[in-house]
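Colleague: Would you take one part of this model and describe it closely, together with what surrounds it? I should like a connected account rather than a list.

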Amino acid sequence: MSTAHRCLHEAFDVIADQAPELTDVVEHALETGYEHWLLDGTLIATDRVHDSGLRPDRWYCGKHTRHGGNVQVACDPDGQPLWVSSVEPGSTHDLTAARRHVLPVLYPAAVRGLPVMADEGCIGAGAGVRVPVRRPGAGQVLDASTRGWNSYINADRAFVEHGIAHPKVRWRALSRVTLRPWRICAIIATALVLSSWENRY
């Protein structure tokens, strides 16, 4: 049993090593002439119950009320996942994870004409990151121009929702990770590589 377990992990690592670096994906996108990127964070659920007795539990995501790991996913304009980040504890905010893993590379790309479409979780990310405007409180409403902007962003972002959902459905290992949560990195990178091979062949 231990041999099979070790072989499984080795297979994950070998395939995950084939996943592209973000810098290479960005250069290809610029050369291909993409109009924009799609960026979103997703929670990969895990069976982890607690974080070694620490409080608060870093791997618990209050938004989804479950344990898991936060992974950032960059997709092409059609919603095809092209790159996945390293995993962060589930309590990590999307903006924090994006600043740590994605934005330092995507900012220069935005200057070169490749902006990023993201959701409200990335509000405040900075220039080159296009996000919807939050609905005001106290019964106020957005003006027509702002509502049009939000519709434009959300229409394009609909593709990333499908792009992220598909690997979770296609690869059952992503529906609930029963290994230690930091192994999510290898599992989702493996799913990315296998999905790209399926699309290619």
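Modeller: What follows is an account of one strand, its partners and the packing around it. The model is a predicted one, and every value below is computed from it.

The strand is β3, residues 66–75. Of its 10 residues, 9 are buried, so the strand is largely enclosed by the rest of the structure. Its pairing may be described partner by partner.

With β1 (37–45), the strand β3 forms an antiparallel pairing over 8 bridges. One of the facing positions here joins Ala45 to Gly68, its bridge partner in β3. The pairing with strand β2, residues 60–61, is also antiparallel and spans 2 bridges. In that pairing Tyr60 stands opposite His67 of β3. β2 and β3 form a hairpin with 4 residues between them. Within that turn, Thr65 has a positive phi of about 50°.

A second hairpin joins β3 to strand β4, with 5 residues between the two strands. In this turn the residue with a positive phi is Gly79, at about 90°. β4 covers residues 81–84 and runs antiparallel to β3, to which 3 bridges join it. Across this pairing, Val73 faces Val84 of β4. Finally, strand β5, residues 88–89, pairs with β3 in the antiparallel sense over 2 bridges. There, Gly69 has Pro89 of β5 as its bridge partner.

The side chains of this region lead into the packing of the model. The largest nonpolar core has 25 residues, and those touching the most other members are Ile44, Val71, Val73, Val84, Leu174, Ile184 and Ile188. The strand β3 is one of the elements that supply at least two residues each to this core, alongside α1 (2–16), β1, α5 (144–170) and α6 (184–200). Helix α6 provides the largest share, 8 residues. A further core lies apart from this one; it holds 22 residues, including Leu39, Ala74, Cys122 and Val131.

Val71 gives a residue-level view of the larger core. Once neighbours within four places in sequence are set aside, its contacts are Asp40, Gly41, Thr42, Ile44, Val84, Ser85, Val87, Ile184 and Ile188. Among these, Ile44, Val84, Ile184 and Ile188 reappear from the group that touches the most other core members.

Helix α6 can be followed further through Leu194, which lies within it. Leu194 is partly exposed, with a relative accessible area of 22%. Its C-alpha atom is separated by 9.4 Å from that of Ala19, although 175 residues of chain lie from one to the other.

β1, the strand that shares 8 bridges with β3, also has a role in covering helix α4. That helix runs over residues 103–111, and its buried residues include Leu103, Leu106 and Ala109. Viewed down the axis of α4, the buried residues fall within an arc of 120°, so they line one face of the helix. Pro104 and Val111, on the other side of α4, are exposed. The cover over the buried residues includes β1, together with α2 (22–32), α3 (94–101), β6 (116–117) and β7 (129–130). After α4 comes Gly113, with a positive phi near 100°.

The aromatic rings complete the view, with a count of 2 aromatic pairs. One of them joins Tyr34 and Trp37 in an edge-to-face arrangement, with 6.2 Å from centre to centre and 80° between the planes. Both partners are buried: Tyr34 has a relative accessible area of 18%, and Trp37 has 0%. The other pair is formed by Trp149 and Tyr152, with centres 5.6 Å apart and planes at 50°, so this pair is tilted. These two residues are 3 apart in helix α5, which means that about one helical turn separates them. Here both rings belong to partly exposed residues, Trp149 at 33% relative accessibility and Tyr152 at 36%.

As to the cysteines, a search of the whole structure finds 0 disulfides. Cys61 is buried at 8% relative accessibility, whereas Cys185 is partly exposed at 25%.

How values were computed
Residues numbered from 1 in each chain as written. Predicted model: local features only at pLDDT ≥ 70, side-chain atom pairs only at ≥ 80, totals over all residues. Heavy atoms only, no water. Core = buried A, V, L, I, M, F, W, Y, C linked by side-chain atoms within 4.5 Å. Buried < 20%, exposed > 50% of the residue type's maximum accessible area, 1.4 Å probe, protein only. Contact = heavy atoms within 4.5 Å. Phe/Tyr/Trp six-rings, centres within 6.5 Å; stacked < 30°, edge-to-face > 60°. Disulfide = S-S within 2.5 Å. Arc of directions from axis to C-beta. Pairing = 2+ DSSP bridges.
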